[in-house]
Amino acid sequence: MKKLSNLERMLTAIRREEPDAIPTFEIDIDERVIEAIKPGASYEDFCEYMDLDAVCYHETRTDQYQVIDKAKGIVRDQWGAIKQYSPVSMSVPVTLEPAIKSKEDLESYVGPDPDLPARFKRLEEAVKRFKGRKAIIATVRPFATVKDSLRAQNELFKDMIRDPDMVDRLNQIVSDYYRRYIKNLIDVGVDIIMETADWAFTHGPMVSPKYTERFIIPVFREIVEYCHSRGVPCLKHTDGNIWEIFDMIVATGVDGVHPIDPLAGMDLGEAKAKYGDKVCLLGNVDCGNLLSWGTKEEVREAVKDCIRKAGKGGGYICMSSNSIHGAVSPENYAEMVRAIREYGRYPLSLD
Amino acid sequence: MFDFTELTHSVAEGEVSKAGDLTRRALDSGIAAKEVLDKGLLPAMEIVGNSFEKGEIYLPELLMAGDAMKASLELLRPELATKGAAYAGRYAIGTVQGDLHDIGKNIVILMLEGNGWEVTDLGIDVAPEQFCDVVKSGDFDILGLSALLTFTMPKMADTISALKEAGLRSKIKVMVGGAPVTPAFAQQIGADAYARDAVEAVAIAKSLL
């Protein structure tokens, strides 16, 4: 088969067809890993250097933040929530105070501006540099916005029982924002939208399948339908064990599901057997333990195992089970990419 | 005659105000707080724990039951404190240094308290030496270490090492948990136990006593 461009490779896999080779990219790559592998490289330079098939712009990179206490890592996010970043990881902030603490807060709430030009500056540069070559992915996270910015997580979960109208109104706020924001992303030239809000914990869905269908799926389904109306694929990320809600995720018409979380007991082979004819599968190389503490040989074996389970016939993108966070060993990440390139060429020959 | 089943049911169903009303009625009718706890609340949290474990209820239902349990427990606490009612055990818990996440930890606390444990919440971003100070100064049975970030898992090992160096390791059992933590990691760092979730944490804590 002729060599495909990175973009073609991605889109072919997402269509569940067999490309020339299994693609790879990451939702996020910590700058410490970038620095260790390619000192001085920007994220974009690094993606070129590693020949990754997509550049992915996590929404937090384009959000607007107001710094409240730099030393303590405390910021006010664009939704009005006060958040704090851990001193050891800039990727997962915790919410100290949500934007909406009461019904009164909700009545007077004004959300951020989805048209703010600054949000799209970096993406516009990426489009200039990569359009037509590498897939340009932008992430969005409506449920995480409701859960971690507008409302405190546990209060939101209790609202589902005691005040469903409140949840509907919060969902309307994010739905209005994201409809416009995603339109802008696609207008700028983004090739793929990826929704990255977690919907599950290690042991199962955060809320019951009934509440997932009632409170979480509708906003997501709108996004999938809108993307498809623009001819843009939409991928879904959620950590955790999603067996109970996998059917309803697939029923939205989403094009791909990431990361089939191995730490939550999700088996990639089983996912391929059950859903491989309906969605592209992404991920599953354990970044919790294996990429952080494992040996290079273990990493190669894990990549081979993933390809063996999900690579046949296409429809698989091999990547980590979440992201290349700061604890990942740079050597192991580089080994993972090497192994994907070595064993991921079609026709597959793993042994 | 007070109907404990109704109280149990109201807590398990997360009916906050009803649980409070029934608890008040029980106390007003002269029933001892310890009896209300034993016959009304503990069976409720057992039902909730089992249902959560079996996947019959999820976090929203668990949290509402927790609120109902707290509403009831608040009314019982003054009498429990003055009469020195026995707790199931004493548990100190915190999220390890560098990690600011507390949702998982707080659910563990909710389930432990609901099952009769006296819990001291050490908060988030707790340094190994702070854990040592707490173990040294308090009479705790178990120390719980929580982490969400892979990055902060080594701090669990550091905390156990610090306990050893301070000569405190034999004084306390150490449990670890959190999304990236595995039983193998727990064993590797010398923890006494690993718990997958809050319900398992309660059962394991009991078995460690």
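Pro347(A) sits in the segment after helix 15 (330-343) of chain A. In this predicted model, the peptide bond leading from Tyr346(A) into Pro347(A) is cis, with omega near -5°. Chain A has another bond of this kind between His258(A) and Pro259(A), where omega is about 5°. To find Pro259(A), look in the loop between strand 11 and helix 12 (268-275) of chain A. Most peptide bonds are trans, and most residues other than glycine have a negative phi.

That brings us to phi. Arg16(A) isn't a glycine, yet its phi is positive, near 65°. Asn284(A) is another non-glycine residue with a positive phi, this time near 90°. Here are the backbone values side by side.

| Place in chain A | Backbone value |
|---|---|
| Tyr346(A) to Pro347(A) | omega near -5° |
| His258(A) to Pro259(A) | omega about 5° |
| Arg16(A) | phi near 65° |
| Asn284(A) | phi near 90° |

Is Asn284(A) buried or exposed? Asn284(A) counts as buried, because 28 other C-beta atoms lie within 10 Å. You'll find Asn284(A) in the loop between strand 12 and helix 13 (290-293) of chain A. Arg16(A) has 18 C-beta neighbours inside 10 Å, so Arg16(A) counts as partly exposed. The loop holding Arg16(A) runs between helix 1 and helix 2 (31-37) of chain A.

**Helices of chain A**

Step back from Arg16(A) and you reach helix 1 of chain A, which Arg16(A) follows. This helix covers residues 6-14 and is mostly covered itself, with 7 of its 9 residues buried. The buried ones are Asn6(A), Leu7(A), Arg9(A), Met10(A), Leu11(A), Ala13(A) and Ile14(A). What lies over them? The cover includes strand 1 (54-57), strand 6 (135-140), strand 11 (256-258), strand 12 (280-282) and strand 13 (316-317) of chain A.

Further along chain A, have a look at helix 10 (residues 209-229) and helix 11 (residues 243-251): their axes come within 10 Å and cross at roughly 40°. The crossing of helix 10 of chain A with helix 11 of chain A is right-handed. On the helix 10 side, Pro209(A), Thr212(A), Glu213(A) and Ile217(A) take part, meeting Glu244(A), Ile245(A) and Met248(A) of helix 11 of chain A. Sorted by class, this contact has 4 nonpolar, 1 polar and 2 charged residues.

**Where the chains touch**

How many residues of chain A are in contact with chain B? There are 28, and they touch 21 residues of chain B. On the chain A side, strand 4 (82-86), strand 5 (89-97), helix 8 (153-162) and strand 9 (204-205) each supply at least two residues. Helix 8 of chain A has the largest share of that side, 6 residues. The chain A side divides into 13 nonpolar, 14 polar and 1 charged residues.

**Inside chain B**

Chain B splits into domain 1 (4-82) and domain 2 (90-208). Their C-alpha centres are 26 Å apart. In the contact between them, domain 1 of chain B puts in 9 residues and domain 2 of chain B puts in 7 residues. Two elements give two or more residues each to the domain 1 side: helix 3 (33-53) and helix 4 (59-82) of chain B. Helix 3 of chain B gives the most, with 7 residues. By class, the domain 1 side has 6 nonpolar, 2 polar and 1 charged residues.

Helix 3 of chain B also has a partner in helix 1 (residues 4-12) of chain B: their axes come within 8 Å and cross at roughly 40°. That angle makes helix 1 of chain B oblique to helix 3 of chain B, and the crossing is right-handed. From helix 1 of chain B come Phe4(B), Leu7(B), Thr8(B), Val11(B) and Ala12(B), and the helix 3 residues they meet include Leu41(B), Ala44(B) and Ile47(B). The residues of this contact divide into 9 nonpolar, 2 polar and 1 charged.

One residue to pick out is Gly40(B), which belongs to helix 3 of chain B. Why does Gly40(B) count as buried? Gly40(B) is buried because it has 27 C-beta neighbours inside 10 Å. Not counting residues up to four places away in sequence, Gly40(B) touches Phe4(B), Leu7(B) and Thr8(B). Gly40(B) and Trp117(B) are 77 residues apart in sequence, and 16 Å apart in space from C-alpha to C-alpha.

Notes: Residues are numbered from 1 along each chain as its sequence is written. Chains are lettered from A and ligands numbered from 1 in the order in which they are written. This is a predicted model: local features need pLDDT of at least 70, side-chain atom pairs count only at pLDDT 80 or more; totals for chains, interfaces and linings use all residues. Domain bounds come from an automatic or database domain assignment. Two residues are in contact if their C-beta atoms, placed from the backbone, lie within 7 Å. Helices (H or I, at least four residues) and strands (E, at least two) are DSSP runs, numbered from the N terminus. Ala, Val, Leu, Ile, Met, Phe, Trp, Tyr, Cys and Pro count as nonpolar, Asp, Glu, Lys and Arg as charged, and the others, Gly among them, as polar. Axes are lines fitted to C-alpha atoms, for helices over the stretch in contact, and angles run from 0 to 180 degrees between N-to-C directions. Angles under 35 degrees count as roughly parallel, over 145 as roughly antiparallel, 65 to 115 as roughly perpendicular and the rest as oblique. A crossing is left-handed if the near helix is turned anticlockwise from the far one by less than a right angle, and right-handed if clockwise. A residue is buried if 20 or more other C-beta atoms lie within 10 Å of its own, exposed if 12 or fewer, and partly exposed in between; C-beta atoms are placed from the backbone.
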